[in-house]
Amino acid sequence: MQNIVLENVLLIDIETVSAYPSFEDMNAEWQSLWQEKTQRTLPENTTASEFYPQRAGVMAEFAKIVCISIGYFKKLNDVYQLRLKSFYGEDEKKLLEEFITNLDQIEATNNKGCFTGHNIKEFDIPFICRRLLINNLPIPVYLDFQNMKPWDTNMIDTFQYWRFGDYKHYTSLKLLAAALGVPSPKDDIDGSMVGEVYWKENNLKRIAIYCQKDVVTTGNIILRFKNMPLLTEEQIVSVSL
């Protein structure tokens, strides 16, 4: 981690929701597919209908991306800024197209960029790739990690770093931030509430703000890993919202 150049870090976080407001809003075919998918993991005394709002949002076949936030470090007058940008909306395909267009521009100017986030190896990046395919969009080479050798993969996963090889260990972003003394953003929602905020309030900006705060938290964790000072509010710049 000490050898990682901050300017090459591209922080990323996504927010996802179920494709439909409820189990009953799906047609019979998709209801059946949901029941087949969850039959082995369905908690006791919980119906498939009740389980849908709890878990559908994290399964790419039954969900959609409503926000992708990215962040990158930029040094100005010997002080680092963390610049944030979010892509969000109800039209997932348009959101993904805008996100990829922006990544293409970044890749064209700096092909040493490392996708960085918490649990992005097992969640965010695979989820994005699956949703690209579902939306009939090509997966860019720089996102196609499936056939890459581990040492060729341009990815920094704070979840994997914190494991230190212990694959029985799971630590949430919130817990890791607390353990490292990184201020946890005080917000009125958490990850479990994103679906409700989307389907009941249709408040995408609120979701985007929450997503950006997770990006800032991950950025500060990277700084802690590198034994560098945490970001002040003045060092955080949002270029869109």
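Here is a quick tour of the fold in this predicted model, from the whole chain down to its sheet.

## The chain as a whole

Eight helices and six strands make up the secondary structure of the chain. If you walk along the sequence, you meet them in the pattern β-α-α-β-β-α-β-α-β-α-α-α-α-β. The radius of gyration is 18 Å, close to the 18 Å that the globule rule gives for 241 residues, so the chain is as compact as a globular protein of that length.

Put a box around the C-alpha atoms along the principal axes and you get roughly 60 × 35 × 35 Å. Of the 241 residues, 46% are buried. The accessible surface is about 13200 Å², and carbon and sulfur atoms account for 50% of that. Among contacts with a separation of 6 or more, 73% link residues 24 or more positions apart.

## The sheet

The six strands line up as E5-E4-E1-E2-E3-E6 in an open sheet with mixed pairing. At the edges are E5 (155-157) and E6 (236-238); each has a single partner strand, so one side of each is left without a neighbour in the sheet. From one strand to the next, the twist averages 25°.

How do E3 and E6 run relative to each other, parallel or antiparallel? They run parallel, with three bridges joining E3 (residues 79-88) to E6. One bridge pairs Leu84 with Ser238 in E6.

## Helices on the sheet

Helix H4 (residues 120-134) lies across E1 (9-18), E2 (63-76), E4 (114-117) and E5, at about 65° to E1. Helix H7 (residues 194-201) also packs on the sheet, where it touches E1 and E2 and makes about 60° with the direction of E1.

Key:
Residues are numbered from 1 along each chain as its sequence is written. This is a predicted model: local features need pLDDT of at least 70, side-chain atom pairs count only at pLDDT 80 or more; totals for chains, interfaces and linings use all residues. Side-chain values use heavy atoms; hydrogens and water are left out. Two strands pair if DSSP finds at least two bridges between them. Helices (H or I, at least four residues) and strands (E, at least two) are DSSP runs, numbered from the N terminus. Axes are lines fitted to C-alpha atoms, for helices over the stretch in contact, and angles run from 0 to 180 degrees between N-to-C directions. Contact means heavy atoms within 4.5 Å. The radius of gyration is taken over C-alpha atoms; the globule rule is 2.2 Å times the number of residues to the power 0.38. Buried means under 20% relative accessible area, exposed over 50%, partly exposed in between (1.4 Å probe, protein chains only). Accessible areas come from the Shrake-Rupley method with a 1.4 Å probe; for residues, only the protein chains shown count as cover.
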